[in-house]
Amino acid sequence: MKSDLQYDCVVAGAGAAGLAGGAVCAGAGFSTLIIDRENRSGGILNQCIHNGFGLRYFKEELTGPEFAWRLSEKARNAGAEFSFNTTITGIKKLDDGSFDIRMLSGTNGVQHCNARTVLLAAGCRERTRGAIATAGSRPAGIFTAGAAQKMLNTEGKLPGKSAVIVGSGDIGLIMARRLRWCGIEVKAVVEIMPYSAGLTRNVVQCLHDFDIPLHLSTSVVRIDGNERVTGVVAAPLDKNKTPDMSRSFTIPCDTVLFSVGLIPEMELARKLGVRENPATGGATVDSAYMTSVPGIFSAGNMLHVHDLVDFVAEEAEFAAKNMIDYLNGKVAGYEFSADAGSNLKYVVPSRFVPGEPSRFLFRSTIVADKAVLKAEVDGNVCWEKKLTFVRPAEMIIAQIPANTLSGNVCFELESLENA
């Protein structure tokens, strides 16, 4: 299908990844359109009014809106165009290798746009109470942590008077502090794992500094209340990771926030036939961050959930530089695969070029103050790196020199606690 709208690069999403990637593409002289369903750029950053952003990327501590504004200006100054209040309803690959993108907006109705390349940067969404099947009725006062954050920070509304937070993801930890600042009593954060799912700095600054209890290896088994939440019933997990109801306890509250993980927004990619990575929930990509569909790239939280937005922006810039290479006719031959072995949840990317330097990202499944990350080819260790303070919530980044990996590689993480 021919379209009056023709672009070299179309970016799906105007959050940190989309803005950073779009700025690189436009800055290199390629026509670039950034599409977002919201009425402005920035995505989730606009409701993150706390500081702590930008120390790595901008070398300055910023709030979420400040970080978003800096990236937005960077993209605009580079020449990127924007289409807000617009939803991408479909992407179709054409016979000539380009893509027909179907868009819907209240202003323009249905439009079609043609793009030579696409960067998928639509971020992720929160898991809800239904995703973890928490028992109880459906009273008022139950929110995801992100929904409560938006209500409080952008709408100026208090979600309740006393709260329990289910799950210790970073948004939940940050909301514990935010609620306390607003005079809302936070009774506890309840985490099913034996360690926090959020960054250590957030545990310290948002819980310890405010004497908010963190119940580890504990499950919320029921939410009580009819018209409004009246409390939750929690129980420690036994050795079989089953709630021990003989030790259950009730926490009175009128509000429950769920911070139990994020899910990459993969619906459009699935329809296009992009291969998924079951460990991340996002796309499977090669070391250029191109998906299994040539010309379709992915970066940011839509690819895998990051711990810092600075890493999101850096990753999107890297993906965009490879989009430019693709537009210029450079397509690498990816010969070898990368797999995650013991004590690793995943590795990104899944394929790499052996003759070039490689950058791999990992998530640990263990807690260790000392550990070693190893790369094995045909059972032989060909690279290793000692690590300190390994936590599942914090991403591991490894830069491996060219020609170090000579075949399909399996990465292993080994604790050195008792070494």
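The lining of the second largest cavity splits into 6 nonpolar, 3 polar and 1 charged residues. Here nonpolar covers Ala, Val, Leu, Ile, Met, Phe, Trp, Tyr, Cys and Pro, charged covers Asp, Glu, Lys and Arg, and polar takes the others, Gly among them. The model is predicted, so local features need pLDDT of at least 70 and side-chain atom pairs count only at pLDDT 80 or more, while totals for chains, interfaces and linings use all residues. Residues are numbered from 1 along each chain as its sequence is written, and side-chain values use heavy atoms, with hydrogens and water left out.

## Cavities and a pocket

The second largest cavity holds about 30 Å³ of space. Its lining is made of F352, V353, P354, E356, S358, I400, P401, N403, T404 and L405. A cavity is a set of points on a 1 Å grid over the protein atoms alone where a 1.4 Å probe fits but cannot get out; a pocket is an open set with protein on both sides within 12 Å along at least five of seven lines; lining residues have an atom within 4 Å of a point. Points are joined across faces, edges and corners, and a volume is the space filled by probe spheres set on them.

The structure has 2 cavities of 30 Å³ or more. The largest has a volume of about 50 Å³. I49, H50, Q149, N153, I174, R177, R178 and W181 form its lining. Helix 3 and helix 4 are the elements that give two or more residues to this lining. Helix 4 provides the largest share, 4 residues. By class, this lining has 3 nonpolar, 3 polar and 2 charged residues.

Now to the second largest pocket. Its space comes to about 350 Å³. It is lined by 19 residues, with S287, A288, N322, Y334 and E356 nearest its centre. Two or more lining residues come from each of helix 7 (309-327) and strand 24 (358-364). Helix 7 gives the largest share, 4 residues. The pocket lining divides into 11 nonpolar, 4 polar and 4 charged residues. E356 also appears in the lining of the second largest cavity.

Helices (H or I, at least four residues) and strands (E, at least two) are DSSP runs, numbered from the N terminus.

## A covered helix

Helix 3 spans residues 145-153, and 7 of its 9 residues are buried. These are A145, G146, A148, Q149, M151, L152 and N153. They pack against strand 9 (124-126), strand 11 (142-144), helix 4 (170-181) and strand 18 (255-258). Q149 and N153 also line the largest cavity.

Further back in the chain, A26 sits in helix 1 (residues 16-27). Beyond residues up to four places away in sequence, A26 touches T32, A78, G79 and A80. Contact means heavy atoms within 4.5 Å. N77 is 51 residues from A26 along the chain, yet their C-alpha atoms are separated by 9.0 Å.

## Rings and charges

There are 12 aromatic pairs. The F82 and F84 pair is stacked, because the ring centres are 5.3 Å apart and the planes lie at 25 degrees. F297 and Y326 are edge-to-face, because their centres are 5.9 Å apart and their planes lie at 75 degrees. This pair links distant parts of the chain: F297 is in strand 20 (residues 296-298) and Y326 in helix 7, 29 residues apart. Rings of Phe, Tyr and Trp (its six-membered ring) pair if their centres lie within 6.5 Å; planes under 30 degrees apart are stacked, over 60 edge-to-face, and the rest tilted.

Ring pairs also join F336, F352, F360, F362 and F411 into a cluster.

Charges sit over rings too. The charged end of R70 is over the ring of F58, 5.5 Å from its centre. R391 lies over the face of F389, at 3.9 Å from the ring centre. The rule requires NZ of Lys or CZ of Arg within 6 Å of the ring centre and within 35 degrees of the ring normal.

## Backbone notes

The peptide bond from V348 to P349 is cis, with omega near 5 degrees. P349 lies in the loop between strand 22 (344-348) and strand 23 (351-352).

S217 is not a glycine, yet has a positive phi of about 50 degrees. The loop between strand 14 (214-215) and strand 15 (218-225) holds S217. K241, also a residue other than glycine, has a positive phi near 60 degrees. K241 is in the loop between strand 16 (229-236) and strand 17 (249-252).

## Accessibility of selected residues

Buried means under 20% relative accessible area, exposed over 50%, and partly exposed in between (1.4 Å probe, protein chains only).

| Residue | Relative accessibility and class |
|---|---|
| A26 | 8%, buried |
| F84 | 22%, partly exposed |
| F297 | 1%, buried |
| Y326 | 21%, partly exposed |
| S217 | 25%, partly exposed |
| K241 | 69%, exposed |
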